[in-house]
Amino acid sequence: MSIVNTLSLESNRQIKINFDGGDLSSDAGLLLIKEFVSKLGIDKLLGNAFRTNDTALFRYHTDQENLLQMIYMIIAGYFEDDASDELTNDPVFKSVLEKDALASQPTVSRFFNRMDEDTLNQFLTIGRMLRKKIYSIQMPQAVILDLDSTLLDAYGKQEGRAFNFHYQSNGYHPLLCYDGMTGDLIKIQLRDGTRYSCTGVVDFLQPILDEYLNDYPAIRILLRGDSGFATPDLYKQCEENGTSYVIRLKKNGILREKASHLVRELDEITKNNKVDYAVVYGEFMYKAGP
């Protein structure tokens, strides 16, 4: 029995096939992400602005390297710490991280355990610096601050894990703020599962408004939220900061009566077409009772 080590194609002698396997990876797309990271200077930014409460004098895998490794892993779809062990010698990951080997799962877990409130504030600062860099390339005329909350499922006995009635599930219920024009995440705050959507939203939002009002006074700010954020404290905050807002109200009998002419108009528009999506707009004065 003979083993074919190298085979040349008769149609093209320049193409040779062998069976030695070589260095294989299914994540070659990360090379383009690496180029994007380098163009924006994210790697240098993390090197200057990020560190944990680490007291060790020397570590082979630094905080900045560990953070970049986790960012690349999450982008590639590896969400668990123990995926680090499978990727230790992956050629693409070693190339984008410029390392001989990746940090192992225990190293990554210890890295996460060193994070504290100061570390989380560093992430907010880094996000602000990245926005400034992006806006220096192209300044938007307006920004839509899209407030939302969602459920992060949890299946153990983690601190803060609780039952959320709206989602009928156990987990966390964080606050989020997106750029409604681009979909970019501006800020997120973890909360336990029992929190209502608008709980703590004023304190959560004010640093974002301060950033845009101070750093980008020419940008018009519009805030958007669902009925979970229909709270007078948020209305007042927006008005005091010169921010326009569109916040949904939960339906009730009085609102339905005031909008009845719009409902009739919508029924007329869609009476011969129940398939296509249709929207009608109108306005009226409304004030909730005490």
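## Starting at a strand

Strands here are DSSP runs of E at least two residues long, numbered from the N terminus. By that rule, R220 falls in strand β9, which covers residues 220-225. Keep in mind that this is a predicted model.

Is R220 buried or exposed? R220 has a relative accessible area of 54%, and the cut-off for exposed is over 50%, so this arginine counts as exposed. Leaving out residues up to four places away in sequence, R220 still touches Q141, A142, V143 and S244. There's also G242 to look at: 22 residues separate R220 and G242 along the chain, and their C-alpha atoms are 9.2 Å apart.

## Two nonpolar cores

Which residues touch the most other members of the largest nonpolar core? That would be Y72 and F93, in a core of 24 residues. Five helices each chip in at least two residues: α1 (30-40), α2, α3 (63-75), α5 (91-97) and α6 (105-113). The top contributor is α3, which gives 5 residues.

If you click on Y72, look for its contacts with L30, I33, K34, V37, F93, V96 and L97; residues up to four places away in sequence aren't counted in that list. A second core, separate from this one, has 21 residues, with Y135, C177, F204 and I221 among them.

## Where α3 meets α6

Now for a pair of helices that both feed the largest core. The axes of α3 and α6 come within 10 Å, crossing at roughly 110 degrees. Angles of 65 to 115 degrees count as roughly perpendicular, and that's why α3 and α6 get that description.

On the α3 side, the contact uses D63, N66, L67, Q69 and M70, while α6 brings T107, V108, F111 and F112. Sorted by class, the residues of this α3 and α6 contact come out as 5 nonpolar, 3 polar and 1 charged.

## α7 and its neighbours

Helix α7 (residues 117-137) has two helix contacts worth a look, one with α2 and one with α8. Take α2 (residues 42-49) to begin with: its axis and that of α7 come within 11 Å and cross at roughly 140 degrees. At that angle, α2 and α7 are therefore oblique to each other, and their crossing is right-handed. From α2 you get I42, L45, L46 and A49, and from α7 you get Q122, I126, M129 and L130. How many nonpolar, polar and charged residues does the contact of α2 with α7 have? The tally is 7 nonpolar, 1 polar and no charged residues.

Over at α8 (residues 201-215), the axes of α7 and α8 are 12 Å apart, and the helices pack at an angle of about 35 degrees. The crossing of α7 and α8 is right-handed. R128, R131, K132 and Y135 are the α7 residues here, and they meet E211, Y212 and D215 of α8. This contact splits into 2 nonpolar, no polar and 5 charged residues. Y135 also shows up in the second nonpolar core.

## A threonine tucked into α7

One more residue to find in helix α7 is T119. Its relative accessible area is 0%, and buried means under 20%, so T119 counts as buried. What does T119 touch, not counting residues up to four places away in sequence? The partners of T119 are F50, R51, T52 and R114.

Conventions
Residues are numbered from 1 along each chain as its sequence is written. This is a predicted model: local features need pLDDT of at least 70, side-chain atom pairs count only at pLDDT 80 or more; totals for chains, interfaces and linings use all residues. Side-chain values use heavy atoms; hydrogens and water are left out. Axes are lines fitted to C-alpha atoms, for helices over the stretch in contact, and angles run from 0 to 180 degrees between N-to-C directions. Helices (H or I, at least four residues) and strands (E, at least two) are DSSP runs, numbered from the N terminus. Angles under 35 degrees count as roughly parallel, over 145 as roughly antiparallel, 65 to 115 as roughly perpendicular and the rest as oblique. A crossing is left-handed if the near helix is turned anticlockwise from the far one by less than a right angle, and right-handed if clockwise. Contact means heavy atoms within 4.5 Å. Ala, Val, Leu, Ile, Met, Phe, Trp, Tyr, Cys and Pro count as nonpolar, Asp, Glu, Lys and Arg as charged, and the others, Gly among them, as polar. A nonpolar core is a set of buried Ala, Val, Leu, Ile, Met, Phe, Trp, Tyr and Cys residues joined through side-chain atoms within 4.5 Å. Buried means under 20% relative accessible area, exposed over 50%, partly exposed in between (1.4 Å probe, protein chains only).
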